[in-house]
Amino acid sequence: MPTVRILAMPGSARRASHNRRLLRVMIAGAEQAGAEVSVFEPNDHPMPLYHGDLEETEGLPPAAARLQGLFAAHDGFLLATPEYNGFFPPLVKNTLDWLSRPLPDGSGRPGTIHVRGKPAGIASASPGALGGIRALQHTRQYLSNLGFLLAPEQIGIPHADKAFDAAGALTDERLRKAAEGVGAAVVRLAQRLQG
Ligand SMILES: Cc1cc2nc3c(=O)[nH]c(=O)nc-3n(C[C@H](O)[C@H](O)[C@H](O)COP(=O)(O)O)c2cc1C
């Protein structure tokens, strides 16, 4: 069976992001399940706010075209997203909205062709008591609209400002296993889809 390749993205560009830490735990779970994981770091691939006129005059931003190529080369997706007012943040929406636009080769096919039918796993970390779970239901619906197959496993990490040790490990065993479990679930789904 070929090695499963997973693309992972933090939904926050913040240097001290709790969600980037959470993503590393999800990645560990995916790697333990046998996957190779690449990280798409938003700080390294800035995209302008989506604007139809900009797209018409300049086409897809280079970072969005790169992301389309990355999805084409990967079998699944992991996203650790912050919750902003009960929703996922504009960084996630803007990045993936650009991804969904037609391909730069002018074929006119929607960019989501590269994500259709690929498994995705989601989780959230928040300093608040609910761990960002309100954002997860919207994230699930949005990714599903883009064509991803969502793994049922998900986890919200509450009190995230105190949940990780200095090495970035989740100190609560149950939460660590759940976060790793999201990563592993996406790998298992991708392996099944490979047949
Ligand atoms: C505009 C805004 C809205 C927020 N709304 C929520 C919220 O609805 N629920 C919540 O748990 N935290 C909320 N927060 C706090 C974030 O969870 C917190 O800033 C978190 O650290 C962001 O994730 P990051 O650490 O990965 O950047 C909000 C923060 C911002 C900036």
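Seven helices and five strands make up this protein, and the model you are looking at is a predicted one. If you trace the chain from its start, the elements come in the order β-α-β-α-α-β-α-β-α-β-α-α.

Let's step back and look at the overall form. The C-alpha trace spans about 50 × 40 × 25 Å along its principal axes. For 195 residues, a compact globule would be expected to have a radius of gyration near 16 Å, and the protein agrees with this because its own value is 16 Å. Of the 195 residues, 48% are buried. The contacts tell us how the chain is brought together: among those with a sequence separation of 6 or more, 76% join residues that are 24 or more positions apart.

Now to the outside. The accessible surface comes to about 9300 Å², and carbon and sulfur atoms account for 53% of that area. As for charge, there are 20 positive and 18 negative side chains, with the centres of the two sets 5 Å apart.

Next, follow the chain inward. The largest nonpolar core contains 28 residues, and Leu 22, Met 26, Leu 78, Ile 157 and Leu 170 have the most contacts inside it. Several elements each supply at least two residues to this core: strand 1 (5–10), helix 1 (18–32), strand 3 (76–80), strand 4 (119–125), strand 5 (149–157), helix 6 (160–163) and helix 7 (173–194). Helix 7 is the one that gives the most, with seven residues.

Met 26 is a good place to pause and see these pieces meet. Setting aside neighbours within four places in sequence, Met 26 is in contact with Leu 78, Leu 79 and Ala 80, with Gly 121, Ile 122 and Ala 123, and with Ala 179, Glu 180, Val 182 and Gly 183. There is also a second, separate core of 25 residues, which includes Met 47, Phe 88, Val 92 and Phe 148.

Finally, let's visit a loop. Asn 43 sits between strand 2 (36–39) and helix 2 (52–58). Is Asn 43 buried, partly exposed or exposed? Its relative accessible area is 44%, so Asn 43 counts as partly exposed, a class that runs between the 20% limit for buried and the 50% limit for exposed. Leaving out residues up to four places away in sequence, Asn 43 touches Ala 13 and Arg 20. Thr 3, by contrast, is 40 residues from Asn 43 in sequence, and their C-alpha atoms are 28 Å apart in space.

Definitions and conventions
Residues numbered from 1 in each chain as written. Predicted model: local features only at pLDDT ≥ 70, side-chain atom pairs only at ≥ 80, totals over all residues. Heavy atoms only, no water. Helix = DSSP H or I, 4+ residues; strand = E, 2+ residues; numbered from the N terminus. Rg over C-alpha atoms; globule rule 2.2 N^0.38 Å. Buried < 20%, exposed > 50% of the residue type's maximum accessible area, 1.4 Å probe, protein only. Contact = heavy atoms within 4.5 Å. Areas by Shrake-Rupley, 256 points an atom, 1.4 Å probe, with all protein chains shown as cover. Lys, Arg positive; Asp, Glu negative; His and termini not counted. Charge placed at Lys NZ, Arg CZ, Asp CG, Glu CD. Core = buried A, V, L, I, M, F, W, Y, C linked by side-chain atoms within 4.5 Å.
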